[in-house]
Amino acid sequence: MQIDESLIRSVVAQVLAEVGQAPAATSGFTGRRGIFDCAHEAVHAAREAFERLSERTIADRKQVIDIIRQIAMDQKVELGTMEMNETQIGRLSHKIEKLETLGKMTPGVEFLESKVYSGDHGLAIIEHAPFGVIGCITPVTHSLPTITGNAINMIAGGNTLVVNPHPGGKLVAAEGVRRYNEAIFRALGIDNLICVIAEPTLETADIIFHHRDVAMICVTGGPAVARAALNSGKKAVVAGPGNPPVVVDETADLDRAARCIIQGGSYDNNLLCIAEKEVFVVNSVFDDLMKAMERAGAVRLNSAEIDRLTRVAISEVEVNGKKKLVAAKDFIGKDAAVLAKAAGKTINSQVELIFGETDEHNPFVPVEQMMPFIPFVRCHDVNEAIEKAKFYEHGFRHTAIIHSNNVRNMTRMGRAMDTTLFVKNGPCMASLGLGGEGYISFSIATPTGEGVTTPLTFTRERRCSLIDDLCILGHPSKS
């Protein structure tokens with residue numbers, strides 16, 4: 001399915017042109033459906049929407065997020081195709097699946113459980129209150145999916161949000177937000193619960209970071225945007241970088257490990273921050289695992305092909321006067337067949353992952369490459385494998401994976417890595433409830449420690465105490 005980007009642009013332009021046509025009695029920004037050129041106006045509109053949402057019930061919040069869920073699931077093909085056409089990275093089937101999964105599994109108002117303390121001196125209730133307007137930065141790798149998950153979490157907590165999307169995913173961000181707000185307004189009469197900057201820039205991000213009506217920041221991105229959020233002077237939830245390592249020891253089920261590495265490492269062409277990036281394998285099973293990878297459908301590159309791919313797919317840039325290796329933009333999120341061609345090998349377009357043996361100094365090992373080529377490194381034993389995994393994870397404390405049937409090896413690695421997500425005998429996405437237990441969010445806050453975000457992440461605790469009354473057990477307190 002091809003989506004006409006000019007149509008999306010015309011819809012955005014039409015919404016912006018209709019400013020002021022809605023009844024003034026409702027709001028000066030009603031009718032905008034969350035789309036703004038001006039960051040100041042976007043924040044003001046989100047603040048107005050927050051004040052109106054604050055007057056409504058938790059049941060109304062549930063209705064809002066149910067609307068978002070339903071659109072994400074019902075319109076997943078069209079919206080996922082828009083995102084694929086605009087960004088040109090990843091795999092279409094996974095763009096579609098991400099929207100459906102977030103619609104089904106993102107936590108909602110059910111997470112807002114109150115705590116109650118009752119005793120001789122009365123009653124205390126601890127509830128979860130919203131912050132207000134939350135400023136968000138979203139990545140090109142998951143533009144509308146990140147907005148969708150954040151919106152469900154944040155609105156469930158009683159907040160509204162202003163999004164500065166990555167410029168590479170701004171069209172689908174605006175169209176998705178427009179559809180969400182349109183349906184919410186028809187059902188509840190509140191517009192602009194989600195606001196998006198139609199033409200995002202560094203300047204609009206800076207305005208959002210420092211606007212007095214923005215109470216909190218949530219960003220997904222690289223080190224620069226993370227630092228900007230942390231320096232904003234506001235509470236910040238930061239989803240930072242990752243370079244998830246995999247360890248395979250001599251006790252692992254190798255065929256299962258191979259299937260899991262392919263499933264996780266190829267998902268959306270390795271764009272997930274939690275995805276398998278490099279594999280450290282105990283030498284005694286190394287060759288058998290490589291054969292298992294081929295049996296499971298991955299294609300192996302030889303050393304000359306890996307060298308050719310490395311030269312074009314990893315670039316050297318200068319950051320703050322220092323040289324740094326990074327993934328080349330032309331190869332990020334591209335299909336395995338594209339990478340193989342650059343390596344001088346022709347493979348079937350349906351192949352999801354290519355792989356090969358490297359030493360630990362190959363740039364694909366330390367760099368968060370975000371492409372479906374995975375390097376495999378031989379290690380003398382599991383202790384060396386865990387040591388190298390810890391070193392090349394860079395202390396991000398994001399995600400680590402092990403394939404083993406030795407509980408002590410699992411325990412040793414879990415303690416050594418100290419990561420937010422630690423997966424045993426499964427693909428990376430199992431840690432987000434996809435084939436494993438738990439719930440999903442595309443904001444995984446490792447630098448600031450919140451982990452996989454939920455509605456509680458975006459609330460503050462409030463305690464209400466009643467002294468010496470409403471405790472109906474035992475005898476009243478004597479003063």
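Buried residues have under 20% relative accessible area, exposed residues over 50%, and partly exposed residues lie in between (1.4 Å probe, protein chains only). The legends below concern a predicted model, in which local features need pLDDT of at least 70 and side-chain atom pairs count only at pLDDT 80 or more, while totals for chains, interfaces and linings use all residues. Residues are numbered from 1 along each chain as its sequence is written, and side-chain values use heavy atoms, with hydrogens and water left out.

**View 1. The annotated span, residues 39-427.** An unreviewed UniProt entry places the feature "domain: Aldehyde dehydrogenase" at these residues; UniProt positions follow the numbering used here, feature names are shortened, and annotations may be inferred rather than shown by experiment. The C-alpha atoms at the two ends of residues 39-427 lie 39 Å apart. Helix makes up 45% of the span and strand 22%, where helices (H or I, at least four residues) and strands (E, at least two) are DSSP runs, numbered from the N terminus.

**View 2. The salt bridge between Arg295 and Asp255.** A salt bridge is a side-chain nitrogen of Lys or Arg within 4 Å of a carboxyl oxygen of Asp or Glu, and the structure holds 26 of them. Side chains of opposite charge can pair when their charged atoms come close. The side chains of Arg295 and Asp255 meet at 2.7 Å, N to O. Arg295 belongs to helix 11 (residues 283-295) and Asp255 to helix 10 (residues 254-266), so this pair ties together parts that are 40 residues apart in sequence. Arg295 is exposed, at 56% relative accessible area, whereas Asp255 is partly exposed at 32%.

**View 3. The salt bridge between Glu384 and Lys388 in helix 14.** The closest N and O atoms of Glu384 and Lys388 are 3.5 Å apart. Both residues lie in helix 14 (residues 382-392); because they are four residues apart, about one helical turn separates them. Glu384 is partly exposed, with 24% relative accessibility, but Lys388 is buried at 13%.

**View 4. The salt bridge between Asp418 and Arg397.** In this pair the closest N and O atoms are 3.1 Å apart. Asp418 is found in the loop between helix 15 (407-417) and strand 17 (421-424), and Arg397 in the loop between helix 14 and strand 16 (399-403), so parts that are 21 residues apart in sequence are tied together. Asp418 is partly exposed at 44% relative accessible area, and Arg397 is partly exposed at 46%.

**View 5. A salt-bridge network.** Arg33, Glu182, Arg186 and Asp191 are joined into one network by salt bridges that share partners.
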